[in-house]
Amino acid sequence: MITDLEEELLDESLASAGEAGPGKRATFIDVLRKANFRNLWLGQVVSQVGDYFTFLALTVIVSGFSNTTEGTALAVSVVMISFSLPRLLFGLLAGVFVDRWDRRKTMLVSDLARVVLILFMIPAFMAASLPAIFVLGFLMSTVGTLFNPAKSALIPRLVPPEQLLSANALSQTSQIVATVLGPGLAGATLAVAGTGREWVALVFDSATFLVSAFTIWLIRVPAGEKANVVTPDGEPQKGTARSAIGKVWQELVVGFKALVLNRVIGLIALIMAITMLGVGAINVLWVVFLKDQFGYEGPELAWRFSLLDIAFALGMVVSSLLVGNVLSGLAPKWFIAMSLFGAGMPIAIFGYLGDYWWLFGASVVMGAFIAPIETGISTLVQIVTPNRMLGRVGGGIGTVTETSTILSMSLAGVAGVALSIPVVFAIAGGLCMAMGLASALLLPALGLKDMVADE
């Protein structure tokens, strides 16, 4: 038995809703005037800079553990899987607890825990221990599974509904700024520090989590944000331990049911899962391609890799500014559809570009199309989901997507050798374009006026 709100979530009638009216177009300036949202966004800019800084350092370091394509791909895959596996195993369960706990406090504890874990990774680097890196990466990601669902569920509480799409676009921009600054700083730092001093990246990352925790501590959430979890009989929970496991299980089932019974949520999960079957492999083979195709090693590989990330981020910045300030009245469906199709074209030809600076240009185009995807998905999910259930629904989508991503990353090395890296890129681009067309044909053109009430 589920509550009326849960039945409303599972009702497929949402799929037949019409286009949103033009309304008043919100901008980044509007949402930045909200002090609480501004604190959340600034904290994430700093924290994600550290994430990308360390991620590049990890990728470059483990790529040096082997001189073969298969060995390099395996080492990079191990690192990526260590960060992705917890989202698969615990993503939906994390969503349950995000809906039960104070979201601001959840984010704060998540940041502080990662400060400690990232510092423990320093001796793992010094010993060049791939197993230790895997374990610590796994633990960091496990703690982090609570952060993003809490953030996504908190955003609608910090801005009015008419500013939601712009807020999501600006939130996405925090990641974009990180992809510009993080790899750039990492490439420069690794080049200056030289081999054996990569631990500097970890110290930097721990400091960014502290800054993020401080800005989140400054947030003052409006009354009513804390999830009001309801038991099957419709009464608020009293906190008794006797049936706690049963209640958690029941809430977990709601997240699964949303994926199966709600057309919009199910389609989003399916489209992203198919997309990540290709993109997951690219995440692994990107650095392998640069190493094998052009012979880059060590510090040169680091700055060449970071330069492509910067090009990618530049494209994302331009498109995010356009989405958040000019196109904020457009139905989220179109951001997903057009972006997936547009991103697929440069991805498909990437592996066949023999000149590094052509890769740079293709990276700019890819970034411009990829940036609006997350904005469109986040907004559409927030439209069709009551706020108190966003953690579970987001966790469910994340679980499906991560399953596909890990499968793709696990097979990347084998696929790269059996089919060649350019062919794998071409297949990934084809999947992106196909899912763009599917999004245009199947997803409903819901707007902010169609948002499901929380009560």
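**Ser420**

I looked up Ser420 and found it partly exposed, because its relative accessible area is 29%, which falls between the buried limit of 20% and the exposed limit of 50%. The model is a predicted one. I placed Ser420 in the loop between helix 15 (390-419) and helix 16. I noted its phi as near 90°, a positive value in a residue other than glycine.

**Helix 16 against helix 11**

From the loop I went on to helix 16 and its contact with helix 11. I recorded that the axes of helix 11 (residues 263-294) and helix 16 (residues 421-442) come within 9 Å and cross at roughly 160°. Helix 11 is therefore roughly antiparallel to helix 16, since angles over 145 degrees are put in that class. I noted the crossing of helix 11 past helix 16 as left-handed. I then sorted the residues of this contact by class and have 19 nonpolar, 3 polar and 1 charged.

I picked Met435, which is in helix 16. I entered Met435 as buried, because its relative accessible area is 12% and the limit for buried is under 20%. I also looked up its distance to Thr275: the two C-alpha atoms are separated by 6.6 Å, with the two positions 160 residues apart along the chain.

**Helix 5 against helix 7**

My next pair was helix 5 (residues 103-126) and helix 7 (residues 147-158). I read an angle of about 150° for their packing, with the axes 9 Å apart. That angle makes helix 5 roughly antiparallel to helix 7, because it is over 145 degrees. I noted this crossing, too, as left-handed.

For helix 7 I compared the span with the expected one. Its 12 residues should cover 16 Å at 1.5 Å a residue, and the end C-alpha atoms are 16 Å apart, so the two agree. I listed the buried residues of helix 7 as Phe147, Pro149, Ala150, Lys151, Ala153, Leu154, Ile155 and Leu158.

In helix 5 I looked at two residues. Arg114 lies in this helix and counts as buried, because its relative accessibility is 10%. I found a polar contact of 3.0 Å between the side chains of Arg114 and Asp111. Phe120 is also in helix 5, but I entered Phe120 as exposed, because its relative accessible area is 52% and the limit for exposed is over 50%. Phe120 and Ile133 are 13 residues apart in sequence, and I have their C-alpha atoms 9.6 Å apart in space.

**Helix 9 and helix 14**

I gave helix 9 and helix 14 a span comparison as well. Helix 9 (residues 200-218) has 19 residues and reaches 28 Å from its first C-alpha to its last, close to the 27 Å expected at 1.5 Å a residue. I listed its buried residues as Ala201, Leu202, Asp205, Ser206, Thr208, Phe209, Ser212, Ala213, Thr215 and Ile216.

Helix 14 (residues 356-384) has 29 residues, which should span 42 Å; I have its end C-alpha atoms 43 Å apart, so I wrote this down as agreement. I then turned to the start of helix 14, where a side-chain oxygen of Asp355 reaches to within 2.9 Å of the backbone nitrogen of Trp357.

**Ser320 and Arg87**

My last two entries are single residues with a partner elsewhere in the sequence. Ser320 is found in helix 12 (residues 298-325). I entered Ser320 as buried, because its relative accessibility is 3%. The C-alpha atoms of Ser320 and Thr173 are separated by 6.5 Å, and I noted that the two residues are 147 residues apart along the chain.

Arg87 lies in helix 4 (residues 69-100). I entered Arg87 as partly exposed, because its relative accessibility is 32%. For Arg87 and Thr401, 314 residues apart along the chain, I have a C-alpha separation of 9.1 Å.

Definitions and conventions. Residues numbered from 1 in each chain as written. Predicted model: local features only at pLDDT ≥ 70, side-chain atom pairs only at ≥ 80, totals over all residues. Heavy atoms only, no water. Axes fitted to C-alpha atoms, helices over the stretch in contact; angles between N-to-C directions. Helix = DSSP H or I, 4+ residues; strand = E, 2+ residues; numbered from the N terminus. Parallel < 35°, antiparallel > 145°, perpendicular 65-115°, else oblique. Left-handed = near helix turned anticlockwise from the far one by under 90°. Nonpolar A, V, L, I, M, F, W, Y, C, P; charged D, E, K, R; others polar. Expected span 1.5 Å × (residues − 1). Polar contact = N/O pair within 3.5 Å; in protein donor to acceptor, adjacent residues only side chain to side chain. Buried < 20%, exposed > 50% of the residue type's maximum accessible area, 1.4 Å probe, protein only.
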